[in-house]
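Me: I should like to work through this model by question and answer. Please begin with a single residue and then turn to the strands and a helix.

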Amino acid sequence: DDEGVVLDDAVVIVEGYWSVLRLHASGVPVVACFGDSLSPEQVELLVRAGFNRALLIFDGDEGGRNGTEQALPFLATRLFVKTLMLDDGEKPDSMSKEMKLR
């Protein structure tokens, strides 16, 4: 079925509550860091939970772009990381429903 989201050992990392709810409702393994920064301790928790890959989708604003830049070095030390840069003003909870996370 090409409709479903396939992420295996991957987790999507977003900034906030609404983004977690939207992606979780679509069956995506997702966590929120509740802000635009990520700590080494949070990365360690993801590794302990069995994740090997992460897709970082922070908000399409200055804070989200800065947060992505800050989080990548921590994530890349332990996980294979991809980022999805959103357009200005866009958030993961407002992304197009046609967008598939693979």
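**A residue after the last-named strand**

Reply: L86 is placed in the segment after β4. The model is a predicted one.

Me: Is L86 buried or exposed?

Reply: A residue is classed as buried when its relative accessible area is under 20%. The relative accessibility of L86 is 10%, so this residue counts as buried.

Me: Which residues does L86 touch, leaving aside those up to four places away in sequence?

Reply: One relevant position is G60, which is 26 residues from L86 along the chain, with 4.6 Å between the two C-alpha atoms. With residues up to four places away in sequence not counted, those touched by L86 are I57, F58, G60, R65, K91, P92 and M95.

Me: How many of the residues of β1 are buried?

Reply: Both faces of β1 are covered. On one side A10, V12 and V14 are buried, and on the other V11 and I13 are buried. The strand is therefore largely enclosed by the rest of the structure, the number of buried residues being five of the five.

Me: Which residue of β3 is the bridge partner of A10?

Reply: β1 pairs with β3 in the parallel sense, over four bridges. Within β3, the partner of A10 is R53.

Me: What is the handedness of the crossover from β1 to β2?

Reply: β1 also pairs with β2, residues 30-32, in the parallel sense over three bridges. In this pairing, V14 has A32 of β2 as its bridge partner. Between the two strands the chain passes through helix α1, residues 17-25, and this β-α-β crossover is right-handed.

Me: Where does α3 bend?

Reply: Helix α3 comprises 15 residues, 62-76, and spans 21 Å from its first C-alpha to its last, close to the 21 Å expected. It nevertheless bends by about 25°, and a proline, P73, follows within four residues of the bend. The position of the bend is Q70.

Me: Which residue caps the N-terminal end of α3?

Reply: The backbone nitrogen of G63 lies 3.3 Å from a side-chain oxygen of the capping residue. That residue is D61.

Me: Which elements do the buried residues of α3 pack against?

Reply: The buried residues of α3 are G64, G67, T68, A71 and L75. The elements they pack against are β1 (10-14), α2 (40-48), β3 (53-56) and β4 (80-83).

Note on methods. Residues numbered from 1 in each chain as written. Predicted model: local features only at pLDDT ≥ 70, side-chain atom pairs only at ≥ 80, totals over all residues. Heavy atoms only, no water. Expected span 1.5 Å × (residues − 1). Bend = angle between axes of the 7 residues up to and from the residue. Buried < 20%, exposed > 50% of the residue type's maximum accessible area, 1.4 Å probe, protein only. Contact = heavy atoms within 4.5 Å. Polar contact = N/O pair within 3.5 Å; in protein donor to acceptor, adjacent residues only side chain to side chain. Pairing = 2+ DSSP bridges. Right-handed = clockwise from strand over helix to strand, strands pointing away.
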